[in-house]
Amino acid sequence: MNPEAERHQYSQEIAQRAATFIRDKVNEGVIEVALKSSRTDMVTQVDRATEQLIKDAILERFPDDSIQGEEYGEINGSSRYQWVIDPIDGTTNFVYGFAGYAVSIGIYDRELNRTVSGCVLDVPRGNIYSALISQNALKNGKSITVNQRKTLSEALLATGFSYSDEIRKIQGRIINENITKIRDIRRAGAASLDLSMVASGEVDGYYEMGLQRWDYIAGAFIVEQAGGVVTGGLNKLPSYELVIAGCPELVVQIEEMVNLDRYR
Ligand code: IPD
Ligand code: CA
Ligand code: CA
């Protein structure tokens, strides 16, 4: 097995272990909640303990790899591979017991300068979305493809709202001005799952501002391996500013719809 495939397989094993840990904590009850960047940005002891579990598992098998995690920052190793982890994406859902939170693990190759593996495990539902470089994306082991709905008026879009009030105001204006132009909108509460659901055709497209790398790296790669495209707006790469996903024709229309120059 080549190094990417070996890591990809292991990332899925780790995600399953992490999901079991999270489910056990839910069954034990008593989730302690603290606030991070704003009144809406929550973190629990389970987010932190899950990241620790994932980190320990990676370093046990690949001690020279690098890790970037939401809760504990970065570890810089000597190998070309960097693991990018969101231990619980959708913490608000997790705290409320609202289905739709995920373990998200992406693997980035620093020599190729690209993502080579993505794995997003929806903890309450048990669905696992995954992709390995040069292979088609999978949901629960079956091949998935991005929908080919090419017009905005027929498109079911997913989005999310930032923890920053400034960004939220812009997001509200974009919805206000465009809600009559699209089929409907979903705010499911976990960016990695929103992207995975674009990959599997559970929604047609997605856009969001204010995401961190660990929110989107695995999901964006799964979209690409399912035949979709992911951009950061007109001629830009995905970034904190903006992430847009869908089939190529739809992405062009979402880019026009959320053209940030009009909203700032
Ligand atoms: C959040 C979720 C949410 C998105 C936020 C993210 P977290 O991640 O992905 O859907 O709208 O921007 O920060 O905090 O639950 O890991
Ligand atoms: Ca997240
Ligand atoms: Ca998180």
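How far apart are the calcium ion (ligand 2) and the calcium ion (ligand 3), and which residue coordinates both? In this predicted model, the two ions are separated by 3.7 Å, and D86 is the residue that coordinates both. The surroundings of each ion are described below, followed by ligand 1, helix α5 and several individual positions.

The calcium ion (ligand 2) has three coordinating residues, D86, D89 and D215, each through an OD atom, at 2.1 to 2.3 Å. Along the sequence these donor residues follow the pattern D-x2-D-x125-D. The site thereby joins distant parts of the chain: D86 belongs to strand β5 (residues 81-89), whereas D215 belongs to helix α6 (residues 213-225), and the two are 129 residues apart. Both of these residues are covered by the protein. D86 is buried, with a relative accessible area of 1%. D215 has a relative accessibility of 11% and is also classed as buried, because the class takes in values under 20%.

The calcium ion (ligand 3) is coordinated by OE of E70, OD of D86 and the O atom of I88, at 2.2 to 2.3 Å. The spacing of its donors along the chain is E-x15-D-x1-I. E70 is placed in the loop between β3 (66-69) and β4 (73-75), and I88 in strand β5, so the pair ties together parts of the chain that are 18 residues apart in sequence. The two residues fall into separate accessibility classes: E70 is partly exposed, with a relative accessible area of 22%, while I88 is buried, at 1% relative accessibility.

Ligand 1 is surrounded by 16 residues, and the closest are D89, G90, T91, Y163 and E208. D89 is thus among the closest residues to ligand 1 and is also a donor to the calcium ion (ligand 2). Strand β5 contributes the largest share of the shell around ligand 1, with three residues. Polar contacts to ligand 1 involve both side chains and backbone. An N or O atom in the side chain of D89 is 2.6 Å from an oxygen atom of ligand 1. For the side chain of E208, the corresponding distance from an N or O atom to an oxygen atom of ligand 1 is 2.5 Å. A polar backbone atom of A191 is 2.9 Å from an oxygen atom of ligand 1. Taken alone, ligand 1 exposes 380 Å², of which the protein buries 96%. Ligand 1 sits in the largest pocket.

A191, whose backbone contacts ligand 1, belongs to helix α5 (residues 191-200). This helix is mostly covered, as 10 of its 10 residues are buried. Among the buried residues are A191, S192, L193 and D194, as well as M197 and V198. Just after α5, G201 takes a positive phi of about 80°.

A positive phi also occurs at two positions that are not glycine. Most residues other than glycine have a negative phi. S134 has a positive phi of about 70° and lies in the loop between β8 (128-132) and β9 (138-139). With 71% relative accessibility, S134 counts as exposed. N140 has a positive phi of about 50° and is found in the loop between β9 and β10. Its relative accessibility of 42% makes N140 partly exposed.

Further positions illustrate separations across the chain. I54, in helix α2 (residues 45-61), is buried at 0% relative accessibility. The C-alpha atoms of I54 and G233 are 32 Å apart, with the two positions 179 residues apart along the chain. S79, in the loop between β4 and β5, counts as buried at 16% relative accessibility. From S79 to R125, 46 residues away along the chain, the C-alpha separation is 34 Å. R149 occupies the loop between β10 (142-143) and β11 (156-159) and is partly exposed, at 33% relative accessibility. R149 and D204 are 55 residues apart along the chain, and their C-alpha atoms are separated by 6.7 Å.

Conventions:
Residues numbered from 1 in each chain as written. Chains lettered and ligands numbered in written order. Heavy atoms only, no water. Donors = N, O, S within 2.8 Å, 3.2 Å for Na, K, Ca; no water. Helix = DSSP H or I, 4+ residues; strand = E, 2+ residues; numbered from the N terminus. Buried < 20%, exposed > 50% of the residue type's maximum accessible area, 1.4 Å probe, protein only. Near = heavy atom within 4 Å. Polar contact = N/O pair within 3.5 Å; in protein donor to acceptor, adjacent residues only side chain to side chain. Areas by Shrake-Rupley, 256 points an atom, 1.4 Å probe, with all protein chains shown as cover. 1 Å grid on protein atoms, 1.4 Å probe; cavity = no way out; pocket = protein on both sides within 12 Å on 5 of 7 lines; lining within 4 Å. Sits in = over half its atoms within 2 Å of the grid points.
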